[in-house]
Amino acid sequence: MITSTTEQLAYEVAPANSPAFPLSQWYVAALSSELKDKPLGRTLLNKPVVLFRTGDGQVAALEDRCCHRALPLSDGTLEATGLRCGYHGLLFNQAGKCVEIPGQNKIPSKAKVPAYHVKERDHIIWIWFGADATTEPDCAPPEYKVHSSGRYVFDGDVYHYDAPYQLIHDNLMDLSHLGYVHLKTIGGNASIHMNAEMKVESEGNTVRVVRHMPNSVPPPTYTAVYPFKGNVDRWQEIEFHVSHLLIWTGAVDVDTDAIDDPERGGFHMRGFHGVTPETDTTSHYFWTMATNPVSDPEAIKAKVIEQTILTFDEDKIIIEAQYKNMCRFGQKPMIDIHVDVGANRARRIIEQLKSS
Ligand code: FES
Ligand SMILES: [Fe+2]
């Protein structure tokens with residue numbers, strides 16, 4: 001357990017019988033751009049899954065194991081009506097039912113593989129496992145209008161982390177690290193970040209952290225893509241959801257638009273961060289970055305994405321080094337400081353959902 005004055009228990013070790021993550025949630029399984037003409041094998045929440053599109057473009061997710069001789073189905077090939085195993089050619093439909101056995105007329109009723117709930121929405125593919133195979137989703141997957149509004153251009157990628165998913169949550173909930181980890185990109189002066197006004201609010205299973213940095217020097221990424229006149233009023237709005245975080249950062253020229261006006265102008269970076277456990281100790285990080293280009297959308301998007309990749313590479317190095325050291329030292333106490341409030345609230349939400 002960490003020693004803390006205000007927000008305790010966030011790092012308390014979960015009971016041995018508790019799952020490593022909440023199960024009844026929509027998690028990101030893939031970005032839409034990843035699913036094209038090949039099946040995609042990916043372990044999600046300790047389950048090996050194969051994701052694919054059917055001939056009409058619908059997404060499907062099956063257990064990644066052929067029920068004949070256990071070859072991964074992700075080694076197979078796509079056809080208009082389903083996924084064909086790459087060993088003896090059994091063909092499976094979207095629901096996991098075998099619909100063809102080459103050279104054999106009768107298809108046994110047991111010839112099927114488990115199928116998972118999967119839905120595509122706003123360029124993101126979501127999966128729901130539930131506490132067991134009979135649990136149905138109790139809500140639709142989250143929407144993300146930034147991808148579909150037409151106001152923004154965006155791109156993204158998937159990173160694999162040798163670290164548990166909550167270390168990525170911690171990192172995204174606490175952007176004070178920008179002044180130390182991201183000096184060359186989205187950072188800037190460290191003391192501005194450490195002394196930013198911060199407001200933390202919770203509602204249900206979400207936590208919102210808002211940080212304002214008025215009259216600050218724009219960081220390198222900002223000046224590379226937007227014609228700021230001098231100092232800027234900067235904002236960071238972080239919204240934690242159990243399976244993903246939405247982070248809206250940006251800046252306007254000093255004393256122009258109000259930085260809490262939803263219609264404010266200036267330069268925006270709107271990040272979608274899907275954090276999906278792969279196993280208890282490894283994770284998938286699905287990110288997209290959207291921006292509002294003032295000119296030449298493709299060139300601005302390319303520049304913002306290039307800077308985002310540099311930034312997220314910096315985070316990956318820190319988080320994996322952190323986890324390696326945590327393993328080396330084992331369960332030693334950690335302290336809390338003022339920047340940890342939002343991350344600790346997120347940890348408590350996860351703890352409650354794991355045991356509910
Ligand atoms: S292992 Fe899949 S068809 Fe034989
Ligand atoms: Fe970071």
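Reader: Is S32 buried or exposed?

Author: S32 is buried, because its relative accessible area is 11%. Buried means under 20% relative accessible area, exposed means over 50%, and partly exposed lies in between (1.4 Å probe, protein chains only). Before going on, some ground rules. This is a predicted model: local features need pLDDT of at least 70, side-chain atom pairs count only at pLDDT 80 or more, and totals for chains, interfaces and linings use all residues. Residues are numbered from 1 along each chain as its sequence is written, chains are lettered from A and ligands numbered from 1 in the order in which they are written, and side-chain values use heavy atoms, with hydrogens and water left out.

Reader: Where is S32 found, and which residues is S32 in contact with, leaving aside neighbours within four places in sequence?

Author: Contact means heavy atoms within 4.5 Å. S32 is found in the loop between β1 (26-31) and β2. Leaving aside neighbours within four places in sequence, S32 is in contact with R53, E120, H123, I124 and I125. Helices (H or I, at least four residues) and strands (E, at least two) are DSSP runs, numbered from the N terminus.

Reader: β2 comes next. In what order do the strands of the three-strand open sheet stand?

Author: Pairing comes first. Two strands pair if DSSP finds at least two bridges between them. Here the order is β2-β3-β4, with antiparallel pairing. β2 (40-44) and β4 (59-63) each have a single partner strand, so one side of each is left without a neighbour in the sheet. The twist averages 35 degrees from one strand to the next. Axes are lines fitted to C-alpha atoms, for helices over the stretch in contact, and angles run from 0 to 180 degrees between N-to-C directions.

Reader: How many bridges join β3 and β4?

Author: Five bridges join β3 and β4, in the antiparallel sense. F52 has A60 in β4 as its bridge partner. The two strands form a hairpin with five residues between them, and G57 in the turn has a positive phi of about 90 degrees. On the other side of the pairing, β2 and β3 (residues 47-53) also pair over five bridges. There, G41 has V50 in β3 as its bridge partner.

Reader: How many residues of β4 are buried?

Author: Four of the five residues of β4 are buried, so the strand is mostly covered. As a general idea, side chains in a regular strand alternate between the two faces of the sheet.

Reader: What is the order of the seven-strand open sheet?

Author: Read the order across the sheet: β11-β17-β16-β15-β14-β13-β12, with antiparallel pairing. The edges are β11 (153-161) and β12 (197-203); each has a single partner strand, so one side of each lacks a neighbour in the sheet. The twist averages 15 degrees from one strand to the next. Within the sheet, β14 (residues 232-241) and β15 (residues 244-253) pair in the antiparallel sense over ten bridges. E239 stands opposite L246 in β15.

Reader: Which strands does α5 touch as it packs on the sheet?

Author: α5 touches β11, β16 (267-277) and β17 (283-291), and its direction makes about 20 degrees with that of β11. Helix α6 (residues 341-355) also packs on the sheet. α6 touches β12, β13 (206-216) and β14, at about 170 degrees to the direction of β13.

Reader: Y323 is in α5. Is Y323 buried or exposed?

Author: Y323 is buried, with a relative accessible area of 18%. Beyond its neighbours within four places in sequence, Y323 is in contact with D162, A163, P164, L167 and T281. Take T281: Y323 and T281 are 42 residues apart in sequence, yet 9.1 Å apart in space, C-alpha to C-alpha.

Reader: Now the metal. Which residues are the protein donors of the iron ion (ligand 2)?

Author: Donors are N, O and S atoms within 2.8 Å of the metal (3.2 Å for Na, K and Ca); water is not among the atoms, so sites may look incomplete. Here the donors are H177 (NE2), H182 (NE2) and D315, which gives two OD entries, at 2.1 to 2.3 Å from the iron ion. Their spacing in sequence is H-x4-H-x132-D. H182 lies in the loop between α2 (178-181) and α3 (190-194), and D315 lies in helix α5 (residues 297-329), 133 residues apart. H182 is buried at 1% relative accessible area, and D315 is buried at 5%.

Reader: Why is the arrangement irregular?

Author: Four donors count as tetrahedral if all angles lie between 85 and 135 degrees; four count as square planar and six as octahedral if opposite donors are over 155 degrees apart and all others between 65 and 115; anything else is irregular. The angles around this iron ion run from 59 to 152 degrees, so the arrangement is irregular.
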